[in-house]
Amino acid sequence: MASIIEVEGLAKEYRNWRGRRSVAVEYLDLTVPEGGVFGFLGPNGSGKTTTIRCLLGLVRPTKGRCRILGVDSSRTLADVLPRIGSVVETPMMFPTQSGRTNLRLLGMTQGIGPSAVTDALERVGLADRADDLAKNYSLGMRQRLGIAAALLRDPALLILDEPANGLDPAGIREIRELIRALGAEGRTVFISSHILSEVQQMCDRVAILTRGRCVASGTVREVLSGREPTRLTVRLDDLAAGAATLMAAGFFVENRGDALSVAAAPADAARVTEVLGREGLWLSELRADDVSLEDVFLELTGDPTP
């Protein structure tokens with residue numbers, strides 16, 4: 001499988017005015033194969049955005065190298081820029097112009113005509129709001145307009161930094177479905193995100209970054225494989241009594257409204273049953289939860305804030 005992004009020994013250090021050194025990325029190795037959606041995960045401050053900036057030639061690495069579409073990012077990136085679309089942080093638009101006009105103005109600087117603008121607006125689901133002023137767009141619509149701008153040149157590689165950041169559940173779902181559709185077209189979509197449940201649903205492959213280094217990489221199934229479930233789902237008639245009983249026995253319990261989530265391995269299922277049975281509380285369901293990407297993330301990084 002061809003690699004569309006290759007990062008080898010990447011390091012990026014910053015120094016403040018007192019000369020103190022801070023390390024954003026430390027000897028990072030990363031390979032992103034061509035095609036599909038690749039999720040780039042890590043706690044805040046782990047180096048995700050710095051890595052993306054190095055890839056796009058926005059900052060120069062202290063050490064190591066980045067290759068994107070076969071060229072060195074710090075030397076010949078201009079050769080492949082027409083094949084790359086990106087949205088880094090919040091898309092910037094003229095608020096008093098329509099979405100269509102914003103894209104037309106951007107397209108004019110790149111020699112792109114109005115038909116490509118129309119296609120991009122349709123692609124992201126903004127065709128019916130294209131002539132509304134950008135200042136009247138919701139956050140989700142502004143994010144989609146930013147993705148439309150990145151799609152103007154029909155790129156082979158799309159790089160999105162936190163595309164669902166700050167969106168409500170409906171907006172997150174819209175962005176998820178859009179990204180999955182873009183990845184299914186044959187292009188490569190490289191996204192950083194802190195919404196782990198969404199990443200698990202839309203990504204084909206992932207890499208997890210912590211303290212500037214990659215600690216896991218592969219297909220979602222490969223990253224999840226070999227790890228034992230750490231939670232049990234418990235259903236019974238009296239959830240409040242069940243939760244109180246299990247917590248008194250030393251279990252950590254979360255009431256999810258229709259069931260209890262108990263922090264316990266499958267080997268503890270017999271003890272859960274015994275503790276509840278002693279109090280005359282009988283189970284209607286007891287099962288181990290599937291291992292989630294969030295479970296693996298916490299195990300590898302020890303940080304609850306991706």
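Helices here are DSSP runs of H or I with at least four residues, numbered from the N terminus. With that settled, I can place a residue. Ala241 is in helix α8, which covers residues 239-248. Ala241 is partly exposed, because its relative accessibility is 25% and the buried class ends at 20%. Leu300 is 59 residues from Ala241 along the chain, and their C-alpha atoms are 34 Å apart.

I should say now that this is a predicted model.

Some overall values. The protein has 306 residues, and 47% of them are buried. The secondary structure amounts to 10 helices and 14 strands. Along the principal axes, the C-alpha atoms fill a box of roughly 75 × 50 × 45 Å. The accessible surface is about 15,100 Å², and carbon and sulfur atoms account for 47% of that. Of the contacts with a separation of 6 or more, 68% are between residues 24 or more positions apart.

Next, the cores. Which residues have the most contacts inside the largest nonpolar core? They are Ile147, Leu158, Leu160, Ile179, Val189 and Ile191, in a core of 47 residues. The element that gives the most to this core is helix α4, residues 139-150, with 6 residues. Ile147 touches Val87, Val124, Leu158, Leu160, Ile175, Leu178 and Leu182, if residues up to four places away in sequence are left out. Another core lies apart from this one; it has 27 residues, including Leu55, Leu56, Ile84 and Ile159.

Staying with α4. The helix has 12 residues and spans 17 Å from its first C-alpha to its last, close to the expected 16 Å. Is α4 enclosed or exposed? Largely enclosed by the rest of the structure, because 10 of its 12 residues are buried. The buried residues of α4 are Gly140, Met141, Gln143, Arg144, Leu145, Gly146, Ile147, Ala148, Ala149 and Ala150. Gln143 and Arg144 are on that list along with the nonpolar residues. As for what surrounds the helix, the buried residues of α4 pack against strands β6 (84-87) and β7 (157-161), and against helices α2 (99-109), α3 (114-123) and α5 (169-184).

Now the aromatic residues. There are 2 aromatic pairs in the structure. In one of them, Phe38 and Phe190 are stacked, with 5.7 Å between centres and 15° between planes. This pair links distant parts of the chain: Phe38 is in strand β3, residues 36-41, and Phe190 is in strand β8, residues 188-192, 152 residues apart. Phe38 has a relative accessible area of 2%, so it is buried. Phe190 is at 0% relative accessibility and therefore buried. Phe190 also pairs with Phe40, and that pair is tilted, at 5.3 Å centre to centre and 40° between the planes. Why tilted and not stacked? Because stacked needs planes under 30 degrees apart, and edge-to-face needs over 60. The tilted pair also joins β3 to β8, with Phe40 and Phe190 150 residues apart. Phe40 is buried, as is Phe190. Taken together, ring pairs link Phe38, Phe40 and Phe190 into a cluster.

Phe40 has a further neighbour to mention, Thr51. Thr51 is in helix α1, residues 48-55. With 0% relative accessibility, Thr51 counts as buried. Its contacts, leaving aside neighbours within four places in sequence, are Leu10, Val25, Leu28, Phe40 and Leu209.

One more ring. At Tyr14, the charged end of Lys12 sits over the ring, 5.1 Å from the ring centre.

Last, two backbone points. Glu162 is not a glycine, yet its phi is positive, about 55°. Glu162 lies in the loop between β7 and α5. Is Glu162 buried or exposed? Buried, because its relative accessibility is 17% and the cut-off for buried is 20%. The other residue is Arg211, also not a glycine, with a positive phi near 50°. Arg211 is in the loop between β9 (205-210) and β10 (213-219). Arg211 has a relative accessible area of 65%, so it is exposed. In short, Glu162 is a buried loop residue, whereas Arg211 is an exposed one.

That is what I have for today.

Technical notes: Residues numbered from 1 in each chain as written. Predicted model: local features only at pLDDT ≥ 70, side-chain atom pairs only at ≥ 80, totals over all residues. Heavy atoms only, no water. Phe/Tyr/Trp six-rings, centres within 6.5 Å; stacked < 30°, edge-to-face > 60°. Buried < 20%, exposed > 50% of the residue type's maximum accessible area, 1.4 Å probe, protein only. Lys NZ or Arg CZ within 6 Å of the ring centre and 35° of its normal. Core = buried A, V, L, I, M, F, W, Y, C linked by side-chain atoms within 4.5 Å. Contact = heavy atoms within 4.5 Å. Expected span 1.5 Å × (residues − 1). Areas by Shrake-Rupley, 256 points an atom, 1.4 Å probe, with all protein chains shown as cover.
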